[in-house]
Amino acid sequence: MTSTVVVGGFFGDEGKGKIISYLAIKDNPKIIVRGGAGPNAGHTIRDGDKVYKVRMLPSGFLNENAKVMIGPGVVINPDVLNKEIQDFDVTGRAFIDKHCGIIEEIHLNRDSKGELKEKIGSTGSGTGPANADRAMRVLKLAKDFDSLSSLITDVSLEVNSALDANENVLVEGTQGTFLSLWHGTYPFVTSKDVTASGICADIGLGPTKVNEVIVVFKSYVTRVGTGPLDKELSLEDAEKKGWSEFGTVTGRQRRAADFDFDLARRAIMLNSATQIAITKLDVIFTDCAGKTSYDELSDDAKAFITNIEKELNTPVTIIGTGPAVNDVVDRRI
Ligand code: IMP
Ligand code: MG
């Protein structure tokens, strides 16, 4: 059995979606299961000329043999979920837990104005207010809606049974370590813990059953919304470096800074990382675009990777070299 947990090491948008979709195909897990906050997440996945923007389903759905599941700790917007199930053609293999919380109109309204929107720069997806209602024990859960009954399964039992049967399970985190409600830059954080432990709690997987924790870092740091960002570049300078990005959910321009070793070191600690994935190496070293073997990388790019391994004392096993699912150097093999 191998359970692999993939989480973000900075402020979200590290490129987890692409890494997870690669692992979902390469490692052929039986189940790909999502923890994390809710539809505030946005992952972009490119498969050939198709582009998927995913907010609710696990990013691993490209593997048609895998079941995709959402753990009981995640809050769901049924409209977003149903649309993705249809658009991405996963009917019959997408499941949620009966204890997933449900976002309703009232949560969207509360998230679209006031403190959350203006001070915290929330995504307006209703995720925070729904989690607040859950803490107040007034949030409705998936089991309270007949319309969701065909999607419900016991996610925790399925995940643990698959591992007992020696199957691979891929656990997908959302957001990033420093957006964690416990460990992040409070109050400029999301409404849940989103470190590896929190993600595992969201799906009902205990610590002794976790085999690998892959922390994903982008080759530079970005942050969308408010909150501190050390050594933040001007939007102009970020653009010059080719680091200008826009949020998947909100369309807001992301703020950017150089790779931050202090943050990264702390993320390795907080998540008990066993491996590192580095994304967008091709944005920093354009000559690495589309490369799939380590030997083909330029000396500068190799030095960048070696330095990260030295500074963080953890192996860089997976390297993203382009937007497509297979633009990856996989050093595990
Ligand atoms: P909320 O999670 O919508 O309440 O937003 C709280 C903060 O987390 C805001 O700064 C958001 O921009 C940020 N945030 C939430 N989810 C994500 C994500 O998936 N990627 C990047 N930032 C996020
Ligand atoms: Mg994102």
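## Charges and overall form

The chain carries 39 positive and 46 negative side chains, and the centres of these two sets lie 3 Å apart. These values, like the others in this report, come from a predicted model.

The chain is built from 11 helices and 16 strands, and its C-alpha atoms fill a box of roughly 60 × 50 × 40 Å when this is taken along the principal axes. A compact globule of 333 residues would have a radius of gyration near 20 Å, and the chain, with 19 Å, agrees with that expectation.

## Inside and outside

Of the 333 residues in the chain, 56% are buried, while the surface that the chain exposes comes to about 14,000 Å², with carbon and sulfur atoms supplying 50% of it. The contacts tell how parts of the sequence are brought together: among those between residues at least 6 apart in sequence, 75% join residues that are at least 24 apart.

## The magnesium site

Which residues coordinate the magnesium ion (ligand 2)? The ion is held by D13, through OD, and by G42, through O, at 2.0 to 2.2 Å. Because D13 lies in the loop between β1 (2–8) and α1 (16–26), and G42 in the loop between β2 (31–34) and β3 (43–47), the pair ties together parts that are 29 residues apart in sequence.

Is G42 buried or exposed? Its relative accessibility is 14%, and since buried means under 20% relative accessible area, G42 counts as buried.

## The helix α1

The helix α1, which borders the loop that holds D13, is mostly covered, for 9 of its 11 residues are buried. The buried residues of α1 are K16, G17, K18, I19, I20, S21, Y22, L23 and A24, and they can be found on the structure as one unbroken run of numbers. In an α-helix there are 3.6 residues a turn, so residues three or four places apart point the same way.

Just after α1 comes N28, which takes a positive phi of about 45 degrees.

## An exposed loop residue

S272 is found in the loop between α9 (261–271) and β14 (275–279). With a relative accessible area of 52%, S272 is exposed, because the cut-off for that word is over 50%; G42 at the magnesium ion, by contrast, is buried.

The position of S272 can also be described by its separation from F145: these two residues stand 127 residues apart along the chain, and their C-alpha atoms are separated by 37 Å.

How values were computed: Residues are numbered from 1 along each chain as its sequence is written. Chains are lettered from A and ligands numbered from 1 in the order in which they are written. This is a predicted model: local features need pLDDT of at least 70, side-chain atom pairs count only at pLDDT 80 or more; totals for chains, interfaces and linings use all residues. Side-chain values use heavy atoms; hydrogens and water are left out. Helices (H or I, at least four residues) and strands (E, at least two) are DSSP runs, numbered from the N terminus. The radius of gyration is taken over C-alpha atoms; the globule rule is 2.2 Å times the number of residues to the power 0.38. Buried means under 20% relative accessible area, exposed over 50%, partly exposed in between (1.4 Å probe, protein chains only). Contact means heavy atoms within 4.5 Å. Accessible areas come from the Shrake-Rupley method with a 1.4 Å probe; for residues, only the protein chains shown count as cover. Lys and Arg count as positive and Asp and Glu as negative; His and the chain ends are not counted. The place of a charge is taken as NZ of Lys, CZ of Arg, CG of Asp or CD of Glu. Donors are N, O and S atoms within 2.8 Å of the metal (3.2 Å for Na, K and Ca); water is not among the atoms, so sites may look incomplete.
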